[in-house]
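Dear colleague,

I am passing on the structure we spoke about, and I would be glad if you could look through it alongside the notes below.

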Amino acid sequence: MMDTKIWQANGHTQSLKEAAELLRNGGLVAFPTETVYGLGANAADNDAVQGIFRAKGRPSDNPLIVHIADMEQLDGLVEPYPPLARRLMEKYWPGPLTLVLPVKTGALSPLVTAGLPTVGVRMPDHALALQLLRQAGCPVAAPSANLSGRPSPTTADHVADDLTGRIDGIVDGGATGVGLESTVVELVDEGTVRILRPGGVTMESLAEELSNIRIIREGLLEADQAPRSPGMKYTHYAPKGELCLVRGRPSDVTAYINDKLMQAKAAGVKTGVLAFRERAHRYDTADRVEDCGSERNLEEAAHRLYGALRRFDDEGIERMWAEGCVPDGGIGEALLNRLAKAAGHLIVNT
Ligand code: TXA
Ligand code: MG
């Protein structure tokens, strides 16, 4: 067991300094970003990066995203990249977009890229994160700061629940904003971008920004056949109980879930429902209802999702249903993608 320090980073640069020094010298430090909390390690330090995999229980063939604070840092990490990548950086950095770029040989621990010739890089849009990265002065590899298979952490408490005793420290910067991870993209050629993971930067925004570029993406709901992004083949964000994603018209979804709730109750099973505010009051048979906010404000739902899944775990909920009638567009795509993953692709169409 390690002693895990917690720094309340309410403007005290002294505490960030300590965290930054630890990071630079091979420690494992969790920190907030605008998406979710990351578990950081010096990306050039092989032992430190190995520590991330150990602390999380993460499979070693799943590469890590490298976080940078400024463009000068990038030049040391990657080979010359196409103008299209530059365009995306100018538009979205700092922000929730991870770009998969050709990695410079020897710049990073090979564990970061899991042996791939590419590296995922992003510049987080979070003042504390940027300050920490600047003070550390090294590229920082950081996956989400959860135990592998658990929902990503959106508060320092979530990180502490999973990783206390396994990492050196946690910078507490309060709740994260977006609540879902960054969008991961790769550049297929000068005229094509592939979305490997939907996230904080929406398809619509990319399509508008890249009007002359073809944007392709993986299926959002089906289990991946031959995943291009290694991370996609693993079960992610799984709650401890069994979660079913229920798709269809809202009225059918409500009817289906209530039917199942009744059966589960008769069997003495502890139940939970993840619902939009418009219908949350219709599931009073459930032992726990998590209200994600209005279906007209999907940003709110994205912000709440992982916390809600963790609360089901805390309450010992055995079976859960999530309303899958998520309106199209915007962050809804990423939301549905994470729900499907959390459900382990147990999806019902009513
Ligand atoms: O918002 C985020 O991206 C958060 C915060 C902490 O920055 N990080 C995060 O990291 O979600 P992680 O490790 O949980 O997810 C990284 C994803 C995985 O799906 C991984 O397979 C993919 O990015 N990835 C990383 N490097 C890649 C590469 N070279 N090629 C393709 N996919 C890559
Ligand atoms: Mg993750």
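The notes that follow go from the whole chain to one strand and then to one residue.

Please keep in mind throughout that this is a predicted model. The protein contains twelve helices and 16 strands, and its C-alpha atoms occupy a box of roughly 60 × 50 × 35 Å along the principal axes. A compact globule of 350 residues would be expected to have a radius of gyration near 20 Å, and the protein, at 20 Å, therefore agrees with that expectation. Of the 350 residues, 56% are buried, while the area that the protein exposes comes to about 14,300 Å², of which carbon and sulfur atoms supply 48%. When contacts between residues at least 6 apart in sequence are considered, 69% of them join residues at least 24 apart. As for charge, there are 37 positive and 46 negative side chains, and the centres of these two sets lie 2 Å apart.

The strand I looked at in detail is β3, which spans residues 38-42 and has five of its five residues buried. Cover is found on both faces of β3, with Gly38, Gly40 and Asn42 buried on one side and Leu39 and Ala41 buried on the other. Strand β2, residues 29-31, pairs with β3 in the antiparallel sense over three bridges, and a hairpin of six residues joins β2 to β3; within this pairing, alanine 30 has leucine 39 of β3 as its bridge partner. Strand β7, residues 140-141, also runs antiparallel to β3 and is joined to it by two bridges, where alanine 41 has alanine 141 of β7 as its bridge partner.

The residue I would draw to your attention is alanine 275, which is found in strand β13, residues 271-275. Its relative accessibility is 1%, and because the cut-off for buried is under 20%, alanine 275 counts as buried. Apart from its neighbours within four places in sequence, alanine 275 is in contact with Ala280, Tyr283, Glu290, Asp291, Cys292 and Glu323. One of these partners, glutamate 323, is 48 residues away from alanine 275 in sequence, yet the two C-alpha atoms are 5.4 Å apart in space.

With best wishes

Terms used
Residues numbered from 1 in each chain as written. Chains lettered and ligands numbered in written order. Predicted model: local features only at pLDDT ≥ 70, side-chain atom pairs only at ≥ 80, totals over all residues. Heavy atoms only, no water. Buried < 20%, exposed > 50% of the residue type's maximum accessible area, 1.4 Å probe, protein only. Helix = DSSP H or I, 4+ residues; strand = E, 2+ residues; numbered from the N terminus. Pairing = 2+ DSSP bridges. Rg over C-alpha atoms; globule rule 2.2 N^0.38 Å. Contact = heavy atoms within 4.5 Å. Areas by Shrake-Rupley, 256 points an atom, 1.4 Å probe, with all protein chains shown as cover. Lys, Arg positive; Asp, Glu negative; His and termini not counted. Charge placed at Lys NZ, Arg CZ, Asp CG, Glu CD.
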